[in-house]
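Subject: Structure handover

Hello,

Here is the structure I promised to pass on. Please look it over first; my notes follow below it.

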Amino acid sequence: GELASYSPDASKIAFTRLAREVRTWKRYRGGMAPNIWMYDLKTGAAEILVDSDGNDMFPMWIGNNLYFLSDRERTYNIYCLDLATRKVRKLTNYDEYDVKWPSAGDGAIVYENGGWLYVLDLKTENSRKLEIVVPSELAETRPRYERVAPLIRNGDLSGTGKRAAFEARGEIFTVPAEKGETRNVTNTPGVRERAPVFSPDGKWIAYFSDATGEYEVYLRKPDGSGDELRVTTGLGHHPFRMFWSPDGKKLALHDETFQLYYVDIDEKKVRTIDVDPWWDIFDYSWSGDSKWIAYAKNGENGNAAIHLYSLDEKKSRQVTSGMYNDTNPCFDPAGKYLYFVSSRATPFVENNFDYDINYVNPNILCAVTLKADTPSPLAPESDEVELKEEKKDEEGKDADKKDDKKDDKKKDDADKKAFEIDFDGFESRVVGIPVGSGYFGGLYPADKKLFYADSEARVIGEGSDEDRTPSYD
């Protein structure tokens with residue numbers, strides 16, 4: 001026996017043999033659903049008083065009535081059994097939250113519903129909500145100073161490297177590299193700001209703010225002066241991070257719905273680029289001319305393929321097959337190459353413990369020329385003797401200088417030219433960068449350099465991948 005209630009003359013007990021109030025599932029209809037029994041203390045006889053398809057419990061014997069909880073109509077409510085006629089009546093009619101933990105008193109039953117307490121008057125059979133005030137010093141809700149350095153979440157470095165922006169406890173701070181003070185540039189208790197990023201020219205910090213109740217994109221000056229500028233309206237989902245376009249006019253971002261967007265700062269419009277069927281699109285980057293976005297998107301086979309989105313055409317193209325898992329695409333600043341990480345390596349290792357083959361360190365770094373006529377970055381080099389015709393007269397010297405200036409101008413014009421991409425045969429131009437295989441990520445392109453991270457702990461020796469030995473330091 002569990003929950004029980006004496007009759008007014010204490011000669012009988014109404015009880016349940018099982019209780020389910022503390023169970024973690026609702027609307028149970030199995031063999032452990034409790035019924036309400038009556039036990040006669042004089043005769044020792046027992047009988048079922050209340051029997052239904054649902055869970056009947058919390059018997060409360062008042063006068064000639066037995067009150068109890070039941071979920072026979074889906075939601076727990078209070079019912080009354082007339083012990084003389086054995087008829088059951090429903091007294092409350094909640095359909096959203098269950099009635100919980102009823103307790104009988106003098107002519108009334110107190111119970112909880114939806115986090116509030118109610119009193120059911122047994123004469124009128126009407127319920128009233130109790131307004132309860134619990135006095136408190138509310139120490140944790142008082143304004144106070146708090147050290148937030150241990151609470152830093154996201155950060156970004158300015159283009160000059162003189163200041164960094166950090167998110168800590170819902171505020172955006174800028175911190176100097178050497179001289180100056182730390183500034184709280186948002187200073188909005190009660191509002192959470194997240195994921196700050198400096199614009200390329202250093203004029204703005206972009207961040208997410210839930211000032212409206214939902215996250216939107218905002219801009220603010222790095223020194224904290226002036227008002228914040230709201231960029232989006234009705235973003236509608238939980239965004240994770242942003243990247244500025246190199247021209248400082250757009251922001252690319254992704255959210256919890258596996259969508260990738262970009263926002264035009266001047267137009268204040270959000271445009272969807274793509275949606276991933278499996279996971280977040282978190283690998284994406286801008287081209288140097290701000291007209292292309294490279295990103296990795298999962299296919300139906302679970303492998304990610306590289307896609308290129310044209311802002312001019314508002315069109316996306318898949319440029320790798322998805323036969324391998326290709327991630328982390330980024331453009332060479334000069335517009336010659338696209339770098340990415342690919343699982344195209346096959347470093348199989350024999351496992352002698354269970355006679356199996358392990359597939360370890362599967363990734364390699366890859367580069368592909370955007371134009372078909374651009375020489376491969378790994379094309380063979382050969383030193384040759386250069387023959388130069390000497391110009392003996394002054395006129396010839398001037399001609400050489402003019403030709404050199406023309407060549408320099410052509411080179412500058414070529415560098416400033418918008419990115420051009422040949423999609424035919426794109427994947428056939430992929431080459432592996434000779435650094436061996438590993439667990440690579442964090443690709444960051446610079447002028448004639450590519451920075452990357454390798455999460456596999458080891459020492460990189462000179463020579464082939466076999467020269468790499470594990471490091472346990």
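Contact here means heavy atoms within 4.5 Å. Keep in mind that this is a predicted model.

With that cut-off, start at Ile 293. It touches Ala 252, Tyr 262, Ile 273, Tyr 284, Ser 285, Trp 286, His 307, Leu 308, Tyr 309, Leu 311 and Phe 331, leaving aside residues up to four places away in sequence. Ile 293 sits in strand 26. Its relative accessibility is 0%, so it counts as buried. Tyr 309 is 16 residues away in sequence, yet the two C-alpha atoms are 5.1 Å apart.

The chain as a whole

The chain has 473 residues, and 39% of them count as buried. It contains one helix and 38 strands. Take the contacts with a separation of 6 or more: 37% of them join residues 24 or more positions apart. The exposed area is about 28,900 Å², with 50% supplied by carbon and sulfur atoms.

Cores

Nonpolar side chains tend to be buried together in soluble globular proteins. The largest nonpolar core here has 19 residues. Leu 308, Phe 331, Leu 338, Leu 370 and Phe 426 touch the most other members. Strand 26 (292-298), strand 27 (304-310), strand 30 (337-342) and strand 33 (364-369) each give this core at least two residues. Phe 426 touches Leu 308, Val 319, Leu 338, Val 368, Leu 370 and Ile 421, again not counting residues up to four places away in sequence. Another core lies apart from it, with 16 residues, including Val 217, Met 242, Leu 253 and Ile 265.

A four-stranded sheet

One open sheet runs 17-18-19-20, with antiparallel pairing. Strand 17 (193-198) and strand 20 (229-230) are at its edges; each has a single partner strand, so one side of each has no neighbour in the sheet. Four bridges join strand 17 to strand 18 (residues 205-209). Val 197 stands opposite Ala 206 of strand 18.

Salt bridges

The count is 21 salt bridges. Three are worth a look.

- Lys 90 and Glu 73: the closest N and O atoms are 2.8 Å apart. Lys 90 is in strand 8 (residues 87-90) and Glu 73 in the loop between strand 6 and strand 7 (77-82), so the pair ties together parts 17 residues apart in sequence. Lys 90 is partly exposed at 29% relative accessibility, and Glu 73 is partly exposed at 48%.
- Glu 216 and Arg 230: their side chains meet at 3.8 Å, N to O. Glu 216 belongs to strand 19 (residues 216-220) and Arg 230 to strand 20, 14 residues apart. Glu 216 is buried, with a relative accessible area of 3%, whereas Arg 230 is partly exposed at 31%.
- Arg 144 and Glu 140: the N to O distance is 3.9 Å. Arg 144 is partly exposed at 45%; Glu 140 is exposed at 65%. Both belong to a salt-bridge network with Glu 146 and Arg 169.

Surface and loops

Which residues make the nonpolar surface patch of about 340 Å²? Val 110, Leu 117, Ile 132 and Val 134 do. Val 134 lies in the loop between strand 12 (126-129) and strand 13 (152-157). Its relative accessible area is 68%, so it is exposed.

Gly 63 is in the loop between strand 5 (56-62) and strand 6 (65-70). It is partly exposed at 46%. Its C-alpha atom is 7.7 Å from that of Ser 7, 56 residues away along the chain.

Best wishes

How values were computed
Residues numbered from 1 in each chain as written. Predicted model: local features only at pLDDT ≥ 70, side-chain atom pairs only at ≥ 80, totals over all residues. Heavy atoms only, no water. Pairing = 2+ DSSP bridges. Core = buried A, V, L, I, M, F, W, Y, C linked by side-chain atoms within 4.5 Å. Buried < 20%, exposed > 50% of the residue type's maximum accessible area, 1.4 Å probe, protein only. Patch = residues over 30% accessible without salt bridge, like charges linked within 9 Å, V, L, I, M, F, W, Y side chains within 5 Å. Areas by Shrake-Rupley, 256 points an atom, 1.4 Å probe, with all protein chains shown as cover. Salt bridge = Lys/Arg side-chain N within 4 Å of Asp/Glu carboxyl O.
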